[in-house]
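Work through the exercises below with the sequence and the model at hand. Try each task before reading its solution.

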Amino acid sequence: MKSVLSWGRYPHLPQEAHVVTWRDGIRAAWADASREHGTTLAFGNGRSYGDSCLAASGHVVQTLPLDRLIAADWQTGVLRAEPGVTLEQILDVAIPRGWMLPVTPGTKYATLGGAIANDVHGKNHHVRGTFGRHVRRFALARSDGTQFECAPDEQPEYFAATIGGLGLTGLILWAEIQLMPIRSSMIDMTSIRFANLDEFFSLSEQLDPLHEYSVAWVDCQSRGSALGRGIFMVGDHANDGPLEVTRRKKRTVPFTLPIPVFNRVTLRAFNELYYQKQQRGEVSTQVSYDTYFYPLDSLLEWNRIYGRAGFQQYQCVVPPNTARDATRAILDAIAASGTGSFLAVLKRCGDVRSPGLLSFPREGTSLALDFPQRDALNTRLFTQLDTIVREAGGRIYPAKDAHMPGADFRGAYPQWQQLEALRDPALLSRFWERTTRT
Ligand SMILES: Cc1cc2nc3c(=O)[nH]c(=O)nc-3n(C[C@H](O)[C@H](O)[C@H](O)COP(=O)(O)OP(=O)(O)OC[C@H]3O[C@@H](n4cnc5c(N)ncnc54)[C@H](O)[C@@H]3O)c2cc1C
């Protein structure tokens, strides 16, 4: 049987994947996966970093091979597909016809089912909110043998609980989404170097309302007056140009490195290099959607560079009134710890409400950063960061998490009990077990 892990490869809990190839085979795969331990969990393409895509039982039902497009109306941009269809597959058919995903995360290898279950967000959260806002309907299979359709006005409780519902309400059999029209597959992008965190906040205030996409890279090792320096990137779909699917040459990290490439010295060097790479204060250019949205996807299996122990991502969002102080305190603690990676992403989330019950994004500032796994991470640095986030009234993203204390989760997501009430008793993730039962 195939064995799968989450993207961070931490916690190291290989899952036995019960693969489902046809929609009418889902019951058999589900029964098979939950036979011994009573519970299982759907697994898409394992692009969640921590343990929210891992079954408490160690047996998952993998819906990745359910990868058929069912119907599309290219006049209206409405597309119906099975849950294992990846975002890349959708882009491949949609872009040449002038349609784009209205919201995309930083990887095109996430599946439709996974994008709904984590209610993913992208660089345009301030304009279009989360993925769930563009989901029209879907079908859900439950362990009692029932199957039903959910939409905002049909089984509305299940519709809301499944969007951002961490795969706990049932198995999604298909989903229908609304795509966004585009006139070109190229992105007009402007990168602006900023000297510290205050400059980030003023750029964000000034430029976010003017652009579809906005995100910043931050040097997580800079301190003092340069704390939070980085590169601010805004983008918009070009008004005309080709409607072309990008085929970039892909490389693969061939094996898991025995030790991670990041240490205090390489980390400082990487960050410095990236910051200095942009010589001029402001640079405007045109790039393909693939280069703009998915820079990491060109290096397949890049998670192997973190070594055998794997890595964790810390992603939090803090509300506007505490954002400056909390972000400063977080970056300061990270720089002092001398750990992290050179991929620190800072962005302002907007106030567009998600239909999802447990959706992560909320208005405020979000910071995401990878850390090579070490035992001291959970006991020292993350404990410090958790305190800052908690006191600032913020929260951590379950899709990236492998450490959040149960009390923090329950405090920051008070609707968790509503999800628990609708949870299918035969579905249980390691994340849910860890955060709701401790
Ligand atoms: C490089 C990279 C960049 C990323 N950038 C972002 C970002 O910008 N924004 C963001 O929000 N996220 C981001 N992510 C996280 C990623 O988009 C999410 O974790 C996404 O949910 C992964 O989808 P997946 O198909 O791999 O699902 P998995 O990780 O396999 O599973 C995720 C959840 O979906 C559920 N699920 C999967 N299929 C089904 C189904 N058929 N029925 C019911 N439930 C199902 C699972 O039970 C699980 O709870 C990034 C990840 C990577 C690796």
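The exercises cover the ligand, three buried residues and some backbone features.

This is a predicted model, in which local features need pLDDT of at least 70, side-chain atom pairs count only at pLDDT 80 or more, and totals for chains, interfaces and linings use all residues. Residues are numbered from 1 along each chain as its sequence is written, and side-chain values use heavy atoms, with hydrogens and water left out.

**Exercise 1. Describe the surroundings of the ligand.**

Solution.
- Step 1: The ligand is surrounded by 35 residues, where near means that a heavy atom of the residue lies within 4 Å. Ala 42, Arg 47, Ser 48, Thr 111 and Tyr 397 are the closest.
- Step 2: Sort the shell by residue type: 18 are nonpolar, 15 polar and two charged. Here Ala, Val, Leu, Ile, Met, Phe, Trp, Tyr, Cys and Pro count as nonpolar, Asp, Glu, Lys and Arg as charged, and the others, Gly among them, as polar.
- Step 3: Look for elements that supply at least two shell residues each; β3 (41-43), α3 (112-117) and β10 (171-178) do so. Helices (H or I, at least four residues) and strands (E, at least two) are DSSP runs, numbered from the N terminus.
- Step 4: List polar contacts, that is, pairs of N or O atoms within 3.5 Å; within protein, one must be able to donate a hydrogen and the other to accept it, and residues adjacent in sequence count only if both atoms are side-chain atoms. Polar side-chain atoms of Thr 111 and Tyr 397 lie 2.6 Å and 2.7 Å from an oxygen atom of the ligand. A polar backbone atom of Ile 172 is 2.8 Å from a ligand nitrogen atom.
- Step 5: On its own the ligand has 970 Å² of accessible area, and the protein covers 96% of this (Shrake-Rupley method, 1.4 Å probe; for residues, only the protein chains shown count as cover).

**Exercise 2. Why does Thr 327 count as buried, and what does Thr 327 touch?**

Solution.
- Step 1: Locate Thr 327 in helix α9 (residues 320-337).
- Step 2: Thr 327 is buried because its relative accessible area is 3%; buried means under 20%, exposed over 50%, partly exposed in between (1.4 Å probe, protein chains only).
- Step 3: Apart from neighbours within four places in sequence, the contacts of Thr 327 are Leu 197, Phe 201, Val 318, Leu 346 and Thr 365 (heavy atoms within 4.5 Å).
- Step 4: The Thr 327 side chain also reaches the backbone oxygen of Ala 323, at 2.6 Å.

**Exercise 3. Place Asp 290 and Ser 57.**

Solution.
- Step 1: Asp 290 belongs to helix α8 (residues 289-293), whereas Ser 57 sits in the loop between β3 and β4 (59-62).
- Step 2: Asp 290 is buried at 3% relative accessibility, and Ser 57 is buried at 15%.
- Step 3: Setting aside residues up to four places away in sequence, Asp 290 touches Lys 108, Thr 246, Arg 248 and Pro 295, and Ser 57 touches His 37, Thr 39 and Thr 40.
- Step 4: From Ser 57, the side chain reaches the backbone oxygen of Thr 39 at 2.8 Å.

**Exercise 4. Find backbone features that depart from the usual.**

Solution.
- Step 1: Most residues other than glycine have a negative phi, and most peptide bonds are trans.
- Step 2: The bond from Tyr 10 to Pro 11 is cis, with omega near 0°; Pro 11 is in the loop between β1 (2-4) and β2 (15-19).
- Step 3: Gln 155, not a glycine, has a positive phi of about 50° and is partly exposed at 33% relative accessibility.
- Step 4: Leu 166 has a positive phi of about 55°, lies in the loop between α5 and β10, and is buried at 6%.
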